[in-house]
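Subject: A structure for you to explore

Hi there,

Here is the structure I promised to pass on. Have a look around it, and then read on for what turned up.

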Amino acid sequence: MSSIGLLLILGLYVSILFYIAYWAEKRSHSKWTNNPYVYSFSLAVYCTAWTYYGSIGVAANSGLSYLPIYLGPIIIIPTWMIILKRIIRISRVNKISSIADFISLRYGNSRFLGALVTMICIFGIVPYIALQLKSISDTFHIVTKTQSSDNIFTDTTTYVCLALALFASYYGTKYVDASEKRRGIVTAVAMESILKLVFFLIIGIYVTYFVYDGFGDIYTKASVLENFDKKNSIGDLTGAINWFFLCILSMFAIFLLPRQFHTAIVENNKETHIRTAMWLFPLYLLLFNIFVFPIAWGGNILFQGKGFNSDTYSLLIPQFFNNNFLTVLVFLGGFSAAISMIIVSSIALATMLSNNLLIPYGFVGSLENKSPEKNRKRIVNSRKIGIFSLIILAYAIYRIFILDYSLVSIGLVSFVVIAQLAPSFFGALFWRRGSKKGAITGIIIGFLICFYTLLMPYAIGLSKSSSLFIQEGPWGIALLKPFQLFGLDYLEPIPQAVFWSLFFNIISYAAISVSFSGNYRERNYAEMFVDIDKYITNHENAFVWKGTAYISDIQKVLQRFLGEEKTKRALAIFNLKYNIDKNITTADARFIKFAENLLTGHIGTASAKILISSVVKEDKISLTEVLRILEESKENIIINKKLTDTSNELKKISTQLKNANQELVNKDIQKDEFLDTVTHELRTPITAIRAASEILHDDDDIPEELRKKFLLNIISESDRLNRLIDKILDLEKFETGKQKIYLSKNNISKTIKNTLASLKQLIKNKNISVEFDESSKEIKAFYDEERIIQVIHNLLSNAIKFCSETEGKITIAILKKKEVVEVHIHNNGKGIKEEDFEAIFDKFYQSRNQNVKKPIGSGLGLAICKSIIEHHKGNIWAENTKGNGATFIFTLPNYNTTENH
């Protein structure tokens, strides 16, 4: 493919990434950019060009040796729920934006330690960035079938560097607060992670099933190649030890690489996202490694004896079969793997460079007297220059040093350098006695040994077998051979460097920490880090500080970075959180810590401490006093927690009492209404009976026909009075448990049909239509027929009463389910208010949603229905129907269920 054509495709691809980043930045709170899957895929920035190309090269030349770099993270990931969550909490409450800030803050907010960690990261990662540039350059020339140029102006990699620097400096420095979330970058990286995996799986499937006839075919053909069996096994004990140290190395890398710390810690929005990452990220690594073996050995079979670079088999194979589309697709996957690492690493390193070197050792003093706008502009510009400088430095290293090295070799060297941070990093999380002096000593000694055993030999050139330094050691001392230090000759160069550097690093860190205790500030932060779960809600309370400080002085410092509006808002939040009077002028330890945290995101932990210290006067505190204050702080936190819990419990009880009281008030109102209604209901028939009786008594000459009419009225009203009394007595019996029901096998359809017949005239008078499809079916159930007739009669009477005044309709349905028979009685009236669904079955309740102005009825009917159904071990409830009307539903145990019981 032509260079211009490929450059156009790259330009389009990078433009799409720019758009994705822009889109995500605008929708930073959208579920599409802020979710556990985007977070999990962004962690796959771990898989760089080394993974995409280098693993194939290792598999082709050394067999299974590529696996430890992926096994380490998979083994350690189950601990993320404890370790990673702890790191995230510490970083969030302290507004930490880099691993340099994290380590330096733990050891007393040490400016020197922060600078040291930054330099270690630059030494380790810049060559790693150069490695990615090498992969882009090499693969570009393979796809275009061109030769690399010594002229930087005609070298494509030069322009790729500039494009990446522009992208990273624009989206990576949008916020002056480095602890802010960069959703644009993270979403773009997550998308690149998905694409590079998809493209890698496509080439894997192509090689395995289109070039060859499956895994078995490749294995059969590869097994006859030289040293196949030897390469594809762990080997003896020596091989197992080498694997062990490589696994340890990759375990540390997943925590300590600046790009991993940035994506996993700084960009984490929710701790719960870790749960998804714990299964999705290992799955991602597994999928990436399924086709490494087929591609590697498929390439070995095809290109045996041709001397091709095995790192690039994934490109050479489709190119060999003239599949240009697939070749470009694979190239884009590798390009994604490389640029995502370059972008995230350069942002993380530029933040460290700015916050831990340039500002604290450079222009922190000049920031004190400038306006917020100028300060912010200067900080942002320093990071942009840092990103540009780091990428250009990486380009220079690529051009000068690593043109002759493989992808994996440089990647592993970077891992070993970064691993020197492990003792002080994990010691910060779990060991209170770890000190600044111990951390500095351990890191320096570990790095010097790493420099001696790896960096110097690589700088001299591994290919220079005549080098006396490598072959015989300095001054001919065999014990000092860099690859066989102290006579250790059974480890490969990388595992040997890991062993010796970490051995002396850990010993130095532990010995110095035990021998020389740290100052009070170190011990203070040690407690806050190790016991982060205790201090997570009120971490300012755990900060120990004594001295003289004025809020107005600190406020002026904050305003120079945050601006007046943000500073006022932050102070208001602080005063509200700790219930502090805004008129107080002196600052306490909590406010000092709060102010330092506000500045940390902008200028780093060390510079924040310097600026706050410039306007306050701190008194020395003994270590004993620190421990005493911390103990008091713990007790206060425990007491506060108990008080908070008690307060919440009281609030809960108060709410319950309030609700219960309101319910009693409602019941009382309902009872009054009930008594009023019952009195009215009782008085009406009694009055009618008395009036008719008086007429009959006073008038002996009343006509016979009229006499009979009055007597019929007396009988009718007596029956009405009797029914009302029966209802009251029925309800009393059900509530006291005196009422018995007599179960028998009945046909519920027939029972409903008979009940309808008794109401036929009333239904006809109100011009209501009835729909009952199951009237002819036989549906058996066990129930007391007399009582269920009472329920159905009551529900049908209600349906008649509440039906639509015009075109009224009642629909009856029976549903036979596995364990119950469900009866639905629907009317097309007004429906029921949702808040009344439960209340309508109360014995004092009368609906106010009737078709008449005054509620009609005693309010006992539905209460009796509920009691009857519950005595049948059934349920009764009401629902509103879409459109209009209400449906009453009750259930009875069906015939089979009852019989079985």
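Let's start with Asn827: this residue is buried, because its relative accessible area is 5%, and the cut-off for buried is under 20%. Please keep in mind that the model is a predicted one.

To find Asn827, go to strand β7, which covers residues 820-827. What does the side chain of Asn827 reach at 2.9 Å? The partner is the backbone nitrogen of Gly829. Once neighbours within four places in sequence are set aside, Asn827 is also in contact with Ala799, Phe802, Cys803 and Lys809, as well as with Asn884, Gly885 and Ala886.

Another asparagine to look at is Asn289, in helix α14. Is Asn289 buried or exposed? With a relative accessible area of 12%, Asn289 is buried. Residues up to four places away in sequence aside, Asn289 touches Tyr66, Leu67 and Tyr70.

Helix α14 turns up again on the surface. A nonpolar patch there is formed by Tyr37, Ile205, Tyr209, Phe210, Phe215, Trp279, Leu283, Leu286 and Ile290, and together these residues have about 930 Å² of accessible area. Which helix gives the largest share of the patch? That is α14, with 4 residues. Both α9 (183-211) and α14 (273-290) supply at least two residues each.

One member of the patch, Phe215, belongs to helix α10, which spans residues 215-222. Phe215 has a relative accessibility of 35%, so this residue counts as partly exposed. That value falls between the two cut-offs, under 20% for buried and over 50% for exposed.

For a contrast with the surface patch, try helix α20, residues 422-430. How many of the 9 residues in α20 are buried? The count is 8, so the helix is mostly covered. The buried residues are Ala422, Pro423, Ser424, Phe425, Phe426, Gly427, Ala428 and Leu429.

Last, the cysteines. A disulfide is a covalent bond between the sulfur atoms of two cysteines. How many disulfides are counted in this model? The count comes to 0. Two cysteines you may like to look up are Cys161, which is buried at a relative accessible area of 2%, and Cys865, which is buried with a relative accessible area of 2%.

Enjoy exploring, and write back with any questions!

Best wishes

Technical notes:
Residues numbered from 1 in each chain as written. Predicted model: local features only at pLDDT ≥ 70, side-chain atom pairs only at ≥ 80, totals over all residues. Heavy atoms only, no water. Patch = residues over 30% accessible without salt bridge, like charges linked within 9 Å, V, L, I, M, F, W, Y side chains within 5 Å. Areas by Shrake-Rupley, 256 points an atom, 1.4 Å probe, with all protein chains shown as cover. Salt bridge = Lys/Arg side-chain N within 4 Å of Asp/Glu carboxyl O. Buried < 20%, exposed > 50% of the residue type's maximum accessible area, 1.4 Å probe, protein only. Polar contact = N/O pair within 3.5 Å; in protein donor to acceptor, adjacent residues only side chain to side chain. Contact = heavy atoms within 4.5 Å. Disulfide = S-S within 2.5 Å.
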